[in-house]
Amino acid sequence: MRALQEEGHEVAGAFVNPNIHPYLEFEKRLEAAHQAANAYRVPMAHEDGYGLEEFLQKIVGHVHERCPICYAMRLDRVAGLASESGYEGFSSSMLVSTHQDHQGIRAAGAAAAAKHGVEFVYRDFRASVMDGVRESKEMGLYRQQYCGCIFSEWDRYGSRNAGRRGGEPSGEEGDG
Ligand code: SF4
């Protein structure tokens, strides 16, 4: 947010994350998003409800290819919010993550932008990832330990014990 503000953009936040599981983790991240928005003095929109069922319905049968589906779902909804609210464009906090697929995010963002008639503002924020970590610590924000979905939570915490438990590791690890 700060980088775009420094470029002179009028910035607003939007929390669109039906991919975050379980629900208590979703609540923690939503609260952190509102705290950050307050600190940056920007409005923060979020959708009513959780969206768990819709997310799972979209990725069922595509667990190992789930991230492009997840990017498209979320960025499409953010682009729609931006368009409805009269903003010229939208971006994504995922672009600060060193774990995410930037080309995949860029493609999903461009598709959403074309659909809703707004611009996808792409920036490679990865070089400033540690600045973001420092700022979030200074603000006392809750810090996520895995990307969001239940599969990424398994990758982070469960797969290291997969052999012992007989479990099944899956997909990529990331955060964003
Ligand atoms: S790993 Fe992250 S980007 Fe991929 S599907 Fe899960 S929440 Fe979405």
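**View 1. Gly86, just past the end of α4.** Let us start where a helix stops: right after α4, Gly86 has a positive phi of about 85°. Please keep in mind that this is a predicted model. The helix before Gly86, α4, is made of 19 residues. From its first C-alpha to its last, α4 reaches 27 Å, close to the 27 Å expected at 1.5 Å a residue.

**View 2. The buried residues of α4 and what covers them.** Follow α4 (66–84) and you will meet these buried residues: Arg66, Cys67, Cys70, Tyr71, Met73, Arg74, Leu75, Val78, Ala79 and Ala82. What covers the buried residues of α4? The cover includes two strands, β1 and β3 (89–90), along with the helices α3, α5 and α7.

**View 3. The shell around the ligand.** Ten is the number to look for here: of the 10 residues around the ligand, Cys67, Cys70, Cys147, Gly148 and Cys149 come nearest. Two elements, α4 (66–84) and α7 (150–158), give two or more residues to this shell. Which of the elements supplies the largest share of the shell? That is α4, with 3 residues. Sorted by class, the shell around the ligand holds 5 nonpolar, 4 polar and 1 charged residues.

**View 4. The largest nonpolar core.** This view gathers the 22 residues of the largest nonpolar core, where Tyr71, Leu75, Val78, Ala79, Phe90 and Ala112 touch the most other members. At least two residues of this core come from each of β1 (13–15), α2 (23–40), α4 and α5 (102–116). The largest share, 8 residues, is again that of α4. As a general backdrop, nonpolar side chains in soluble globular proteins tend to be buried together.

**View 5. Ala112 and its contacts.** Zoom in on one member of the core, Ala112. Setting aside neighbours within four places in sequence, which residues are in contact with Ala112? They are Leu75, Asp76, Ala79 and Phe120.

**View 6. The two sides of α2.** The helix α2 has 18 residues and reaches 26 Å from its first C-alpha to its last, close to the 26 Å expected at 1.5 Å a residue. Its buried residues are Ala33, Ala36 and Ala37. These three sit on the same side of α2 because they cover an arc of only 100° around the axis. An α-helix has 3.6 residues a turn, so residues three or four places apart point the same way. Leu24 and Asn38, on the other side of α2, are exposed. Among the elements covering the buried residues of α2 are β1, β2 (44–46) and α6 (129–139).

**View 7. The loops on either side of α2.** In the loop between β1 and α2 you will find Pro22. His21 and Pro22 are joined by a cis peptide bond, with omega about -10°. Beyond the helix, Arg41 lies in the loop between α2 and β2. Although Arg41 is not a glycine, its phi is positive, about 60°. For background, most residues other than glycine have a negative phi, and most peptide bonds are trans. Is Arg41 buried or exposed? Arg41 counts as exposed, because it has 9 C-beta neighbours inside 10 Å.

**View 8. Asp48, between β2 and α3.** Our last stop is Asp48, in the loop between β2 and α3 (52–59). Asp48 has 5 C-beta neighbours inside 10 Å and therefore counts as exposed. Asp48 and Gly104 are 56 residues apart in sequence, and their C-alpha atoms are 27 Å apart in space.

Methods: Residues are numbered from 1 along each chain as its sequence is written. This is a predicted model: local features need pLDDT of at least 70, side-chain atom pairs count only at pLDDT 80 or more; totals for chains, interfaces and linings use all residues. A residue is near a molecule or strand if its C-beta atom, placed from the backbone, lies within 6 Å of it. Helices (H or I, at least four residues) and strands (E, at least two) are DSSP runs, numbered from the N terminus. Ala, Val, Leu, Ile, Met, Phe, Trp, Tyr, Cys and Pro count as nonpolar, Asp, Glu, Lys and Arg as charged, and the others, Gly among them, as polar. A nonpolar core is a set of buried Ala, Val, Leu, Ile, Met, Phe, Trp, Tyr and Cys residues joined through C-beta atoms within 7 Å. A residue is buried if 20 or more other C-beta atoms lie within 10 Å of its own, exposed if 12 or fewer, and partly exposed in between; C-beta atoms are placed from the backbone. Two residues are in contact if their C-beta atoms, placed from the backbone, lie within 7 Å. The expected span of a helix is 1.5 Å times one less than its number of residues. The arc is that of the directions from the helix axis to the C-beta atoms.
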